[in-house]
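Biologist: Could you take one part of this structure and walk me through it closely? I'd like to hear what sits around it, and then how the rest of the chain fits in.

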Amino acid sequence: MRRSWVRWFLALALSFPSVAWAGSLNPDTACTLDDSVVAYYKLDEASGTRNDSVSTNHLTDNNTVTQAAGKVGNAAQFTAANLEWLDIADNAAMSTGAIQFVYATWIYVDSFSASGRVIAGKGTTASTAEWLLRLNGADKPALYTSSTGLNIICDTTWGSALSTATWYFLAGWHDSSAYTNNISVNNGTTVSCTDSSEPVDRTGTFFIGQNEATQVFLHFDGRQDEALWGKFLPTAQHLTDLYNGGSGNTYDSTGTCTIPRAFVVSQASLWANPLELLGCVTIPLLPRMAVPGPGSIGRALYNARVKRMMRRGWRP
């Protein structure tokens, strides 16, 4: 029986150039990047509401955020002099607390300020702040969280100042297990700081580009593009895929995530347990139908995919 399973798997694996299943970000090397993405903003719109490509957490346009050439397609153009920003009212999907979360985006700065400029965050007034990703007064990206809505916890700061008129990929995330805030620029070495205090879920809005009254940071001035909000810890491969060699990544609701056969076979020993290797297989003729593999890895991948589909409104 064991040999028949081995033959069956080999026949299946070698019959296709890859193992694939429904996915939404490209590249996504391990087909796990978008499993816990809560909202994704391509920011291609010329004006008005900026749509969430994953769910319904669409952003309201305040003071007419415009459009300019982006890293991928078009980008949202923020003019600080006009006090422009995008936001959405507090809701469970956009809130944090003592959880893992990540915000990643591309930015292109038109001007800096000695007071600092806001990239994105949650909570803009006293007692409502949860987290903030910003450019500080030294033109360096920085991320902090807050446990009281007023205090700053673990203000982790990138080591180098950015330049104007240059695209940068920024990722900031909170690890609730290690109690760290982390930041990376252009998929560089992660900078972290540690504090045992955790952010607290509060009632402030989720925003991009708005000034932060508690710490007097100013509105963003420049472009932002391809913004991801998720409740997961990004792996090194996730960051590599999002950066994509400097070309950027984007969300495609009709896309298919594909793992090369060589990558799949390299993940475990075929002879030790061939059933562990098969995950959620998408038959090429049925690109949106995920079939669970019989091994524990297959079951885990299938369960994660079903949970993701249900979170986005699918029901069996």
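Modeller: What follows is a close look at strand β17 and its surroundings, and then at some other parts of the chain. Keep in mind that this is a predicted model.

Let me set the scene with the chain as a whole. The protein chain has 316 residues, and 50% of them count as buried. Its secondary structure comes to four helices and 21 strands. If you take the contacts between residues at least 6 apart in sequence, 66% of them join residues at least 24 apart. The chain exposes about 13,100 Å², with carbon and sulfur atoms supplying 56% of that.

Now to β17 itself, which covers residues 222-230. Nine of its nine residues are buried, so the strand is largely enclosed by the rest of the structure. Which strands does β17 pair with in the antiparallel sense? Strand β8, residues 101-109, is one of them, joined to β17 by seven bridges. Another is β3, residues 37-41, with four bridges, and β6, residues 74-78, is joined to β17 by three. In general, strands of a sheet pair through backbone hydrogen bonds, and they can do so either parallel or antiparallel.

You can pick out individual partners along the strand. L228 of β17 is the bridge partner of Y40, and L228 is also the bridge partner of A104. At G222 of β17, the bridge partner is F78.

The side chains are worth a look too, and W229 is a good place to start. W229 is in β17 and W131 is in strand β10, 98 residues apart, so their pairing links distant parts of the chain. The two form a stacked aromatic pair, 5.5 Å centre to centre and with 5° between the planes. Are these two buried or exposed? W131 counts as buried at 2% relative accessibility, and W229 is buried as well, at 0%. The pair belongs to an aromatic cluster made up of F101, Y103, W131, F206 and W229. Across the structure there are 13 aromatic pairs.

Helix α2, residues 236-243, brings us back to β17 from another direction. Its buried residues are H238, L239, D241, L242 and Y243. What covers them includes β17, along with β8 and β13 (167-175). Just after α2, N244 takes a positive phi of about 55°.

W131 also leads into β10, so to speak, and from there to a sheet. Seven strands form an open, antiparallel sheet in the order β4-β7-β16-β9-β10-β11-β12. At the edges stand β4 (60-62) and β12, each with a single partner strand, so one side of each is left without a neighbour in the sheet. On average, neighbouring strands here are turned by 20° against each other, direction ignored. Within this sheet, β9 (residues 117-122) and β10 (residues 131-135) run antiparallel and are joined by five bridges. One of the facing pairs there is V118 and R134, the latter in β10.

The loop between β9 and β10 is where you'll find T128. It's buried, with a relative accessible area of 11%. Setting aside residues up to four places away in sequence, T128 touches K122, G123, G149, R202, T203 and G204.

Over at β12, there's a covalent link to show you. A search of the whole structure finds one disulfide. It is formed by C154 and C193, with their sulfur atoms 2.0 Å apart. C154 lies in β12 (residues 153-157) and C193 in β15 (residues 191-194), so the pair ties together parts that are 39 residues apart in sequence. Both ends are tucked away in the accessibility sense: C154 counts as buried at 11%, and C193 is buried at 17%.

One last stop is S160, in the loop between β12 and β13. How accessible is S160? At 42% relative accessibility, S160 counts as partly exposed. Leaving aside neighbours within four places in sequence, S160 is in contact with D139, K140 and P141. K140 is 20 residues away from S160 along the chain, and their C-alpha atoms are separated by 6.0 Å.

Terms used:
Residues numbered from 1 in each chain as written. Predicted model: local features only at pLDDT ≥ 70, side-chain atom pairs only at ≥ 80, totals over all residues. Heavy atoms only, no water. Disulfide = S-S within 2.5 Å. Helix = DSSP H or I, 4+ residues; strand = E, 2+ residues; numbered from the N terminus. Buried < 20%, exposed > 50% of the residue type's maximum accessible area, 1.4 Å probe, protein only. Pairing = 2+ DSSP bridges. Axes fitted to C-alpha atoms, helices over the stretch in contact; angles between N-to-C directions. Contact = heavy atoms within 4.5 Å. Areas by Shrake-Rupley, 256 points an atom, 1.4 Å probe, with all protein chains shown as cover. Phe/Tyr/Trp six-rings, centres within 6.5 Å; stacked < 30°, edge-to-face > 60°.
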